[in-house]
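Let's take a look at where two chains touch, and then at the empty space inside. Have the structure open while you read.

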Amino acid sequence: MLKFRDVDFIGFASLLSDNERLVRDSTRQWAEANLTPIIEGCAREGRFPRELVPEMGRLGLFGANLHGYGCAGMSNVEYGLVMQELERVDSGIRSFVSVQSALVMYPIFAFGSEEQKNRWLPRLQSGEAIGCFGLTEPDFGSNPGGMRTRARRQGDEYVLNGEKMWITSGSIAHVAVVWAKDDDNVVSGFLVETDRPGFRAEDIHGKYSLRASVTSSLSFHDVRIPAANRLPGATGLKHALMCLNQARYGIGWGAVGAAMQCYDTALQYSLFRVQFGGKPLAAHQLTQEKLAGMITEISKAQLLAWHVGRLKDQNRADHGHISMLKRNNVAMALDVARTARDMLGANGIADEYPIFRHMANLESVKTYEGTHDIHTLAIGEKVTGIAAFE
Amino acid sequence: MRILVCVKQVPAKDAPIKVAGDGAWIREDVAYETNEPDAYALEEALRQREAHGGEVVALTVGPARAAQVLREALAKGADRAIHVAGDDAHRLDSYAAAEAIARAIAGEKFDLIFTGLQSEDYGYGQTGVVLAELLGIAHATIIMQVQPAAGGVRVKRELENGYFQYLNLPLPAVLTIQSGINKLRYATLMGIKQAKSKPLATVALADLGVSPSLNRQSVAKLYVPVKTKKTELLEGPAKEVAAQLAARLKNDLRVI
């Protein structure tokens with residue numbers, strides 16, 4: 001395994017404050033010492049390194065950009081740099097942190113009652129409790145508004161029935177943030193403790209991607225929860241989409257991390273690998289053309305992530321900005337990973353190098369949290385004023 | 001126990017170093033980090049405070065960029081920090097740096113002063129020792145362990161060949177800490193956030209009357225070792241050549 005050297009062609013670090021660099025460097029040091037040595041093994045075995053969860057909590061990685069309840073209160077750029085460093089090691093690990101932070105803690109923080117916040121946020125922050133987020137269904141992916149999961153009110157309880165699919169951390173979660181239609185057909189958010197009768201989580205096996213994180217399907221068969229478990233502020237699909245915006249923002253940074261790792265690996269490899277007349281691959285024009293293209297795209301993606309982060313800190317980032325960030329940066333990272341794979345030749349397919357794992361992971365990242373094409377339509381709608389989803 | 005920890009910012013271990021035009025220092029466009037032995041010194045100070053109470057103050061002598069190592073120290077748990085700042089602070093030799101530290105803490109009273117054993121850039125290993133001399137207090141080097149003892153501290157020193165030495169020192173004292181004596185903690189995100197509100201005082205090197213003109217030594221030339229290829233043919237009877245080869249591998253190349 002080659003030691004990662006920082007990827008910064010345009011003096012990107014000069015845009016960061018001392019504290020932001022400290023956040024990046026501390027997360028990087030921790031990830032390189034604790035995640036990098038085990039990640040290929042985890043991916044090979046299809047195992048999520050759950051033993052690291054308490055330490056990640058202690059470091060403040062969960063809900064890092066939330067304020068209060070034990071959370072670190074980071075700025076959005078600081079939070080983004082954490083995501084970058086985690087995904088530089090593995091998209092599955094970053095996915096776990098994204099779900100815990102943006103899809104579980106954020107909705108409780110933004111839409112929950114004070115009682116719900118006090119009950120769950122400190123435990124989720126420390127990693128004592130793990131959460132999952134149930135929106136996607138087997139028949140409703142890009143069109144979640146069509147969901148069939150129902151929450152019917154019976155006295156002081158809601159009764160949930162339905163199925164959710166592609167749920168990160170589903171089978172290891174203590175609490176699920178579940179989106180279901182209520183008696184008025186309004187998509188609403190509910191907190192479901194996963195030890196309630198009628199709740200089942202089954203892991204999805206045979207994944208070629210995100211093998212170091214858990215992906216499950218959830219089923220709800222007459223699951224009874226107290227009416228107090230409803231998130232009072234989550235009254236409509238738009239609130240579920242607000243959670244996704246938080247997560248997509250982190251993905252926009254995370255993808256930069258994966259691309260940086262793939263680029264740096266390809267660069268180092270092409271400098272030491274000698275072919276044809278004793279020259280390193282890096283001395284050949286076709287290799288330089290690839291490297292130049294990769295570093296240009298990475299640099300642009302860094303600037304986009306940074307700028308959207310600054311906008312977000314000023315409450316000026318709208319969903320179109322975040323769609324552009326997610327769409328561009330993930331597609332960029334996947335292109336970089338594929339090019340890097342190519343540049344490593346046969347070595348690019350072996351897990352001695354992290355390239356293929358990143359490439360396979362990024363196929364999921366391109367699809368989840370709003371597919372590339374859906375984000376294309378989101379941007380299209382914003383610039384034309386015409387929705388083209390149907 | 002009040003502990004001062006002297007921390008230096010040095011070029012990152014794997015940073016590609018380029019010699020600057022004047023041939024006396026490197027180009028500044030590299031990544032920097034906390035000198036590793038100093039990170040262990042800070043960790044030891046934090047552990048001492050956690051065990052016995054007191055205060056940990058981090059101090060660095062360096063240009064503006066060096067404030068980063070103080071922010072890291074504050075994020076890891078130091079109570080406050082002192083930045084002895086000057087554009088040419090990185091050009092001070094051990095003596096001048098020790099003078100700067102001694103003058104900067106003139107109004108303070110510390111029980112212990114920790115430094116790393118040596119810096120990873122110049123590697124003189126002298127700053128702590130000279131500082132103790134300037135302050136007129138006890139010192140010990142290559143410290144592996146620090147424990148309270150009657151009237152002072154009991155320390156374990158690393159000697160050559162796996163030997164150790166135990167010493168009792170009166171306080172105040174300067175200890176230069178060996179790398180690897182404890183397990184370094186990571187700055188938590190909460191710690192980084194809290195560090196923003198901790199005191200970080202800046203003292204100008206010029207106001208202390210310290211500049212590179214105080215240096216007792218000067219760098220004549222800084223250069224990257226030139227790699228040379230040399231082929232040597234050992235000739236003679238096989239037995240003699242074998243003996244010569246073994247001697248060369250053992251004494252010159254030190255590979256066996």
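How many residue pairs are in polar contact between chain A and chain B?

## Where the chains meet

Keep in mind that this is a predicted model. Between chain A and chain B, the count is 5 residue pairs in polar contact, with both residues at pLDDT 80 or more. On the chain A side, the elements that give two or more residues to the surface touching chain B are helix 1 (18–34), helix 3 (53–59) and helix 4 (76–89). Helix 1 of chain A gives the most, with 11 residues. Sort the residues on this side of chain A by type and you get 11 nonpolar, 11 polar and 6 charged.

In total, the contact takes 28 residues from chain A and 13 residues from chain B. There are also 2 salt bridges between the chains. One of them pairs Asp18(A) with Arg71(B), whose closest N and O atoms are 3.0 Å apart.

## How much gets covered

The size of an interface is often given as the accessible area lost when the parts come together. Here, about 1,700 Å² is buried between chain A and chain B, and carbon and sulfur atoms give 59% of that.

## The space inside

Searching the whole structure turns up 5 cavities of 30 Å³ or more. The largest has a volume of about 450 Å³.

So who lines this largest cavity? It has 37 lining residues, and nearest its centre lie Lys8(B), Asp38(B), Ala97(B), Ser119(B) and Thr127(B). Elements of chain B that each supply at least two lining residues include strand 4 (55–62), helix 3 (94–104) and helix 4 (127–135). By type, the lining splits into 17 nonpolar, 15 polar and 5 charged residues.

Note on methods. Residues are numbered from 1 along each chain as its sequence is written. Chains are lettered from A and ligands numbered from 1 in the order in which they are written. This is a predicted model: local features need pLDDT of at least 70, side-chain atom pairs count only at pLDDT 80 or more; totals for chains, interfaces and linings use all residues. Side-chain values use heavy atoms; hydrogens and water are left out. On a 1 Å grid over the protein atoms alone, a cavity is a set of points where a 1.4 Å probe fits but cannot get out, and a pocket is an open set with protein on both sides within 12 Å along at least five of seven lines; lining residues have an atom within 4 Å of a point. Grid points are joined across faces, edges and corners, and a volume is the space filled by probe spheres set on the points. Helices (H or I, at least four residues) and strands (E, at least two) are DSSP runs, numbered from the N terminus. Ala, Val, Leu, Ile, Met, Phe, Trp, Tyr, Cys and Pro count as nonpolar, Asp, Glu, Lys and Arg as charged, and the others, Gly among them, as polar. Contact means heavy atoms within 4.5 Å. Buried area is the accessible area (1.4 Å probe) that two parts lose on being put together, summed over both. A salt bridge is a side-chain nitrogen of Lys or Arg within 4 Å of a carboxyl oxygen of Asp or Glu. A polar contact is a pair of N or O atoms within 3.5 Å; within protein, one must be able to donate a hydrogen and the other to accept it, and residues adjacent in sequence count only if both atoms are side-chain atoms.
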